[in-house]
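Colleague: I have just opened this model and would like to look closely at one part of it. Please pick a single spot, walk me through it slowly, and then show me how it fits into the rest of the chain.

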Amino acid sequence: MNNHQPEKRLGRRSLLSGAAAVAGGAALATAVPAGAHAAPKPKPSAGAAGAASVTATPGIVDVAPADPRFPDLVRGTNQRWVAAPEKVRMVTTPTQAEAAVRDAVTAGKRLTVRSGGHCYEDFVFNSQVQVVVDLSAMNQVYYDPAMNAFAIEAGASNLQVYETLYKLYGVTIPAGSCHSVGAGGHISGGGYGLLSRQLGLTVDYLHAVEVVVVRSNGTVETVRASRDSTGELKDLWWAHTGGGGGNFGLITRYWMRTPGATGTDPTALLPKPPSEVFLNAISLPWPQMDQRDFETLVKNWGRWHAANSAPDSPYAGLFGLLKLNANAGNGSSIGLITQMDAVTHPNARTLLNNYLTEITAGVSITPQAMTSPMGEHAALPGFDKTRRLPWYIATDYLSGGNPTLYGKYKSSYARQALPSFQIAALWQHLSAQQPEGLEALVQIDSYGCKVNTVASDATAVPQRDSVLKLQYQAYWTDPAKEATGLAWIRNLYKAVYAETGGVPVPNFTNDGCYVNYPDKDLGDPAFNTSQETWGSLYYKANFIRLKTAKRTWDPTNFFRHAQSIPLQ
């Protein structure tokens, strides 16, 4: 997760560009039998500006190192990772994507795939990659009558998905809050966000997926797998319900539909978000914070979620973010951002007020307005008094991202309130004066409720009884600060999970890590001294089935990175 500044907000609005045209032309989409080649939708040409770079495959635009666009296309949001491939291939249709993979297989080139560019590690942009397939222009969202589901192309961003689904059809999916995250990696890794306690995970609505795969003999083909598939195709669908991106093939598009939905009315095929939400944001200044206040706040947070995260909880419509920012001196503070469904429960405002009272009970600091940015979120100075907003406006306002930062990230799930020794470790590291040039925090997210109604093996996401999700984040703008940033976050994480080998080994409290916040340290014995592998920390018992799907669908290990699913 990254900072964003509010002045950039206008520049990232999609304004439904092309959405109405897509909706009007949705009948052009055709169903493809499982295992057959996909029939692409008509797409606009690359245009005169890219005409000189168009390859033999119509529509593909190759961007080489001499091209002025190249520096923008060989890095993601995390500025630590910059690649030097021979070319970046911009594609806009499944046919083009398949051709790009086939060309790389034929030429023996190392290929990686970019959708939104938010991979926290160097899985896409690294020193080995020779060809990057960029899906960012393959970003349409539309109702597909042939599939009776909503198609989301892999390059579509969260905000594009929300805007099109909601403004044209009044529906949504419970995906993430960062506006520019691409669907390709986000959905395949599980996906969650501010509506997940109420609606579940993103993958709980995955109806089908279309993937370009490489067979054992080098044959490249595009296949579709759905929830209704059987055998190996069912394994391919299941692998994309949380198995992570870059593992089995190049994902071209997803189809989303509520399990068990009937009829052909698009407005009834996905859940509807609340029309309005309450939004509250407060801060607790570090200069007034002592250890007792800190421990009381974090204990209150954990206990409240342990008591209010059942599937039938009246608080299912509430999602909070406790932003434990590191102490950076005067002006720094800890933040609490809360979104609450304002319409579904008749006593929503009272419930929200009670929640805020319980979370801050016993803390001697008077909450103040949130006047400074915190992690991915801009300052929210007008929300110390709860405001009621239309859902889409709130969703747009809370999204963010800053593609100018260097960063390192870690994660964990918690099945209950954090124990005292973990809270003490957080205090020790967060309260100390931070190194100059480093911005760091631990964000603890609400979890549970509807998420935990799904069996741990029904999707590839095994963490289905947690109540909290933790995101460890460290940022810097000067590349010379990398060693400082890495040391800080590694030492904190090691201290919090000291009793389980420096990582959150699943037990009574911990439940492993989130694959969409990848962390290569999990596979390094210098940082993981437990008996658990990185695969078991992400996937637990589901790791075995994911390896079976890998052997079936990517037997040559063509799609691989530092933590891709292994063949054995």
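Modeller: Let's start with a hairpin: strands β7 and β8 form one, with five residues between them. In the turn sits Gly218, which has a positive phi of about 90 degrees. Keep in mind as we go that this is a predicted model.

Now follow the two arms of the hairpin. β7 covers residues 206-214 and β8 covers residues 220-226. They pair in the antiparallel sense, over seven bridges. If you want one pair to find on the screen, take Val214, whose bridge partner in β8 is Val220.

Next, look along β8 itself. Val220, Thr222, Arg224 and Ser226 point one way from the strand, while Glu221, Val223 and Ala225 point the other way. That is the pattern to expect, because side chains in a regular strand alternate between the two faces of the sheet. Are the residues of β8 buried or exposed? Seven of its seven residues are buried, so each has under 20% relative accessible area. The residues pointing one way and those pointing the other way are all buried, and they include Arg224 and Glu221.

What packs against this hairpin? One neighbour is helix α7, made of residues 231-239. Its buried residues are Leu233, Asp235, Leu236, Trp237, Trp238 and Ala239. These pack against β7 and β8, and also against α14, a helix of residues 542-553. Try showing the side chains of Trp237 and Trp238, both among the buried residues of α7, and then colour β7, β8 and α14, against which the buried residues of α7 pack.

Let's step over to the other neighbour of β7. Six bridges join β7 to strand β9, residues 250-256, and these two strands run antiparallel. A pair to look for here is Val211, with Ile251 as its bridge partner in β9. So where does the hairpin end up in the sheet as a whole? Five strands form an open sheet in the order β5-β6-β9-β7-β8, with antiparallel pairing. The edge strands are β5 (residues 141-144) and β8, and each of them pairs on one side only. On average, neighbouring strands of this sheet are turned by 25 degrees against each other, direction ignored. Put these points together for β8: this strand is at the edge of the sheet, and yet seven of its seven residues are buried.

At the β5 end of the sheet there is a residue worth a pause. Asn148 lies in the loop between β5 and β6, the latter spanning residues 149-153. Its phi is positive, about 50 degrees, although Asn148 is not a glycine. Why does Asn148 count as buried? Its relative accessible area is 15%, and the cut-off for buried is under 20%.

You can find another positive phi by following the chain past α14. Asn557 is placed in the segment after that helix. Its phi is near 60 degrees, again positive in a residue other than glycine. Asn557 has a relative accessible area of 22%, so this residue is partly exposed.

There is also a sheet of four strands to set beside ours. Its order is β1-β2-β4-β3, it is open, and its pairing is mixed. The edge strands there are β1 (61-63) and β3 (111-114), each pairing on one side only. In that sheet the twist averages 25 degrees from one strand to the next. Four bridges join β3 to β4, residues 131-134, and the two run parallel. Val113 has Val133 as its bridge partner in β4.

Finally, zoom out. The secondary structure of the protein comes to 14 helices and 17 strands. Of its 568 residues, 62% count as buried. Among contacts with a separation of 6 or more, 74% are between residues 24 or more positions apart. The radius of gyration is 23 Å, which agrees with the value near 24 Å for a compact globule of 568 residues. The C-alpha atoms fill a box of roughly 65 × 50 × 45 Å along the principal axes.

Notes:
Residues are numbered from 1 along each chain as its sequence is written. This is a predicted model: local features need pLDDT of at least 70, side-chain atom pairs count only at pLDDT 80 or more; totals for chains, interfaces and linings use all residues. Side-chain values use heavy atoms; hydrogens and water are left out. Buried means under 20% relative accessible area, exposed over 50%, partly exposed in between (1.4 Å probe, protein chains only). Contact means heavy atoms within 4.5 Å. Two strands pair if DSSP finds at least two bridges between them. Axes are lines fitted to C-alpha atoms, for helices over the stretch in contact, and angles run from 0 to 180 degrees between N-to-C directions. The radius of gyration is taken over C-alpha atoms; the globule rule is 2.2 Å times the number of residues to the power 0.38.
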